[in-house]
Amino acid sequence: MKRPGVLPWLTLLAWPLHVHSAWNVEALMKGLARHEGGRARFVETKNIALLDKPVVSSGELRYQPPSRLEKRTLKPKPELMVLDGDTLLLERGKQKFQVRLAEQPEALAFVDSLRGTLSGDRATLEKSYQLRLDGNEQRWTLDLLPNDPRIAAFVLRITFGGANNQVEWIRYLQADGDSSTMTIEPEQAR
């Protein structure tokens with residue numbers, strides 16, 4: 001009886017290592033860039049040190065690559081936030097606020113973390129953050145660590161988690177210890 005050679009076994013062992021090495025930030029960004037946008041439901045849980053229990057809100061998200069994002073909170077109180085290009089619009093009840101992000105560089109960096117990740121724009125992300133990717137294509141996390149002291153004064157870390165080219169959750173850890181986690185569930189095409 002002939003014994004199998006060593007070379008075929010070494011080839012099989014090396015193959016998964018090669019596949020794993022192809023998964024990196026660039027591969028994730030390319031996958032995210034292919035996402036065509038759409039609608040999703042969200043649930044956001046905010047842990048605020050001054051409050052006894054978390055604040056939970058829910059609603060809808062709409063994303064149109066590369067720069068339009070709507071967050072429509074339905075519960076507990078209606079609220080609308082629209083990021084469109086360089087403009088941030090907030091509506092709470094009868095109050096409306098509009099901010100030009102170019103006039104608020106720290107806010108722009110925060111907004112760019114979201115839009116840059118959703119659109120797979122690595123260059124935008126790396127302007128303000130160090131990127132650290134863990135996991136694999138089927139289950140990954142991407143940490144954004146501020147490299148600008150002005151941003152780090154507000155946020156310590158932003159973590160995105162997902163599968164393949166889909167963001168499933170976002171966690172913000174603020175410098176003051178407050179945090180929020182948003183879970184995202186895409187709506188099925190009708």
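Which residues does Glu 137 touch, not counting residues up to four places away in sequence? In this predicted model, Glu 137 is in contact with Trp 23, Ala 163 and Asn 164, once residues up to four places away in sequence are set aside. Glu 137 belongs to the loop between β7 and β8, and its relative accessibility of 39% makes it partly exposed. The C-alpha atoms of Glu 137 and Asn 24 are separated by 8.9 Å, although the two positions lie 113 residues apart along the chain as a sequence separation.

The protein contains five helices and 11 strands. Of its 190 residues, 35% count as buried. Among contacts between residues at least 6 apart in sequence, 36% join residues at least 24 apart.

The 11 strands make up an open sheet with antiparallel pairing, and their order across the sheet is β6-β5-β4-β3-β2-β1-β11-β10-β9-β8-β7. The edges are occupied by β6 and β7 (residues 129-136); each has a single partner strand, so one side of each is left without a neighbour in the sheet. On average, neighbouring strands are turned by 15° against each other when direction is ignored. Helix α2 (residues 25-33) packs on this sheet and touches β7, β8 and β10 (166-174). The direction of helix α2 makes about 105° with that of β8.

At the β6 edge, β5 and β6 pair in the antiparallel sense over six bridges. Within this pairing, Leu 89 stands opposite Gln 98 in β6. The hairpin of β5 and β6 has two residues between the strands, and in it Gly 93 takes a positive phi near 60°.

Strand β2 offers an example of a buried position. Ser 57 is located in strand β2. The relative accessible area of Ser 57 is 11%, and since buried means under 20%, this residue is therefore counted as buried. Leaving out residues up to four places away in sequence, Ser 57 touches Phe 42, Val 43, Glu 44, Thr 73, Lys 75 and Pro 76.

Charged side chains were examined next. Side chains of opposite charge can pair when their charged atoms come close. The search of the whole structure gives 18 salt bridges. One of them joins the side chains of Arg 100 and Asp 86, with a distance of 3.1 Å from N to O. This pair links distant parts of the chain: Arg 100 is in strand β6 (residues 95-100), while Asp 86 is in the loop between β4 (79-84) and β5 (87-92), and the two are 14 residues apart. Arg 100 is partly exposed, at 44% relative accessibility, and Asp 86 is also partly exposed, with a relative accessible area of 24%. Arg 100 forms a salt bridge with Glu 103 as well, where the closest N and O atoms are 3.9 Å apart. With a relative accessible area of 56%, Glu 103 is exposed.

A salt bridge is also found between Arg 157 and Asp 143, whose closest N and O atoms are 3.4 Å apart. Arg 157 lies in strand β9 (residues 155-163) and Asp 143 in strand β8 (residues 139-146), so the bridge ties together parts that are 14 residues apart in sequence. The two partners fall into separate accessibility classes: Arg 157 is partly exposed at 29% relative accessibility, whereas Asp 143 is buried at 7%. Elsewhere, Arg 68, Glu 70, Arg 72 and Asp 84 are joined into one network by salt bridges that share partners.

Empty space was considered last. Rolling a probe the size of a water molecule over the atoms shows where such space is left. The largest pocket has a volume of about 1400 Å³. It is lined by 50 residues, of which Glu 44, Lys 71, Met 81, Phe 110 and Tyr 172 are the closest to its centre. At least two residues of the lining come from each of β1 (38-47), β2 (55-64), β3 (68-75), β4, β5, α3 (105-119), β10 and β11 (179-186).

Technical notes:
Residues are numbered from 1 along each chain as its sequence is written. This is a predicted model: local features need pLDDT of at least 70, side-chain atom pairs count only at pLDDT 80 or more; totals for chains, interfaces and linings use all residues. Side-chain values use heavy atoms; hydrogens and water are left out. A salt bridge is a side-chain nitrogen of Lys or Arg within 4 Å of a carboxyl oxygen of Asp or Glu. Helices (H or I, at least four residues) and strands (E, at least two) are DSSP runs, numbered from the N terminus. Buried means under 20% relative accessible area, exposed over 50%, partly exposed in between (1.4 Å probe, protein chains only). Two strands pair if DSSP finds at least two bridges between them. Axes are lines fitted to C-alpha atoms, for helices over the stretch in contact, and angles run from 0 to 180 degrees between N-to-C directions. Contact means heavy atoms within 4.5 Å. On a 1 Å grid over the protein atoms alone, a cavity is a set of points where a 1.4 Å probe fits but cannot get out, and a pocket is an open set with protein on both sides within 12 Å along at least five of seven lines; lining residues have an atom within 4 Å of a point. Grid points are joined across faces, edges and corners, and a volume is the space filled by probe spheres set on the points.
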